[in-house]
Structure formats: structure tokens, C-alpha cells
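This report describes how one protein chain is folded and how its residues are packed together. Please keep the sequence and the three-dimensional view at hand while reading.

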Amino acid sequence: MISFRVDNLKRMSAELAAFAEYLKDNSVSDDDVFFSRLISCELITNVIRHSGESAQFSAEILGDGISISVTAPSFENLPLDAPAPDVFAESGRGLYIVRSIISGDIERGNHGEVKVFLSFHNK
């Protein structure tokens, strides 16, 4: 398991690089490392840009995939069922991107965290 707290986008990049190394060290394919990092980036960015808060991130390799969780107080109010954004929209695509990549649904945990599961494509 890997976890960290991020309070700005510059720090997010460094932490996600460490996350990618953790996945590679555990023989996760390059494609799955890319998708995991993309999902994580979108979720963390939502917290930082839309709430100004820090995001608590955790991820764990579980059998046939990766469980990713992002927690922030503001996430308790984040609507997870937002409609797809307009094709010309400058923002609002984060959850749409995440939803199109993950296995299953975006879920809300017991403490307001947003949880997703990415099934391995190749391992």
C-alpha cells in the first residue's frame, strides 16, 4: 500500500511519480501504470482546484487490480453522477475520464472518500 497527502499540483506530480515507481516495482504493466496515474491525477486535481484543500491519497494492489482512494472534506459533497461534459468544455471532464477507465463505479466510502478500482489490463 502507498499513501500520501498532497496540497498543491507541484507536489502531486512528485508523489504520483513515486506511486508509478511503486506500481512498477510490483510488476504492474506500463498501460496500467499510466491509467492508474491518470485516474489519481484527475481525482487529486479535483480536490485541489475545486476546494483548495489537501487530498489524502491511498492505493493498494489487490489481486487483479488497483484500488485507489482520495479523501478530502469537500469530497463528501462532490456529486459522483454528474452528466458527461460538453465536448467543447474547458473543464469538468475529470470524473468522466475516470469513469471511462475504471472497472465498476466511482464509489463513496464510509468517510466521504472517493474510491475506484482499476482492473489490470496486462500483468
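## Sheet, helix and core

Helix H1 lies across strands E1, E2 and E3, and its direction makes an angle of about 175 degrees with that of E1. The model discussed here is predicted.

The strands that H1 lies across, E1, E2 and E3, belong to an open sheet. Five strands form this sheet in the order E1-E2-E3-E5-E4, and their pairing is antiparallel. Strand E1 and strand E4 (107–108) are the edge strands, since each pairs on one side only. Within the sheet, E2 and E3 run antiparallel and are joined by seven bridges. Across this pair of strands, Ser58 stands opposite Ser69 in E3.

A general tendency is useful for the next part: in soluble globular proteins, nonpolar side chains tend to be buried together. In this model, the largest nonpolar core has 32 residues, and those with the most contacts inside it are Phe19, Ile39, Ile44 and Phe57. At least two residues of this core come from each of the following: strand E1 (2–6), helix H1 (9–25), helix H2 (30–51), strand E2 (55–62), strand E3 (65–71), helix H3 (94–101) and strand E5 (114–119). Ile39 may serve as an example of the contacts made. When residues up to four places away in sequence are not counted, Ile39 touches Ile68, Val98, Ile101, Ile102, Val116 and Leu118.

## The aromatic cluster

A pair of aromatic rings is described by the distance of the centres and the angle of the planes. The count of aromatic pairs in this model comes to three. Two of these pairs are set out below.

| Pair | Centre to centre | Angle between planes | Arrangement |
|---|---|---|---|
| Phe4 and Phe57 | 4.5 Å | 25 degrees | stacked |
| Phe19 and Phe57 | 5.1 Å | 70 degrees | edge-to-face |

Why is the pair of Phe4 and Phe57 stacked? Its planes stand at 25 degrees, and planes under 30 degrees apart count as stacked. Phe4 lies in strand E1 and Phe57 in strand E2, so this pair ties together parts that are 53 residues apart in sequence. Phe19 lies in helix H1, so its pair with Phe57 in strand E2 ties together parts that are 38 residues apart in sequence. Phe4, Phe19 and Phe57 form one aromatic cluster.

Are Phe19 and Phe57 buried or exposed? Both are buried. The relative accessible area of Phe57 is 0%. Phe4 has a relative accessibility of 6% and therefore also counts as buried.

## Two residues of neighbouring strands

Ser67 and Ile61 may be examined in turn. Ser67 has its place in strand E3. It counts as buried because its relative accessibility is 19%, and buried means under 20%. Apart from neighbours within four places in sequence, Ser67 is in contact with Ser58, Ala59, Glu60, Leu62, Val116 and Phe117.

Ile61 is found in strand E2. With a relative accessible area of 22%, Ile61 is partly exposed. Which residues is Ile61 in contact with, leaving aside its neighbours within four places in sequence? They are Tyr22, Leu23, Asn26, Val28, Ile66 and Phe120. Ile61 and Ile2 are 59 residues apart along the chain, and their C-alpha atoms are separated by 9.4 Å.

Note on methods:
Residues numbered from 1 in each chain as written. Predicted model: local features only at pLDDT ≥ 70, side-chain atom pairs only at ≥ 80, totals over all residues. Heavy atoms only, no water. Core = buried A, V, L, I, M, F, W, Y, C linked by side-chain atoms within 4.5 Å. Buried < 20%, exposed > 50% of the residue type's maximum accessible area, 1.4 Å probe, protein only. Helix = DSSP H or I, 4+ residues; strand = E, 2+ residues; numbered from the N terminus. Contact = heavy atoms within 4.5 Å. Phe/Tyr/Trp six-rings, centres within 6.5 Å; stacked < 30°, edge-to-face > 60°. Pairing = 2+ DSSP bridges. Axes fitted to C-alpha atoms, helices over the stretch in contact; angles between N-to-C directions.
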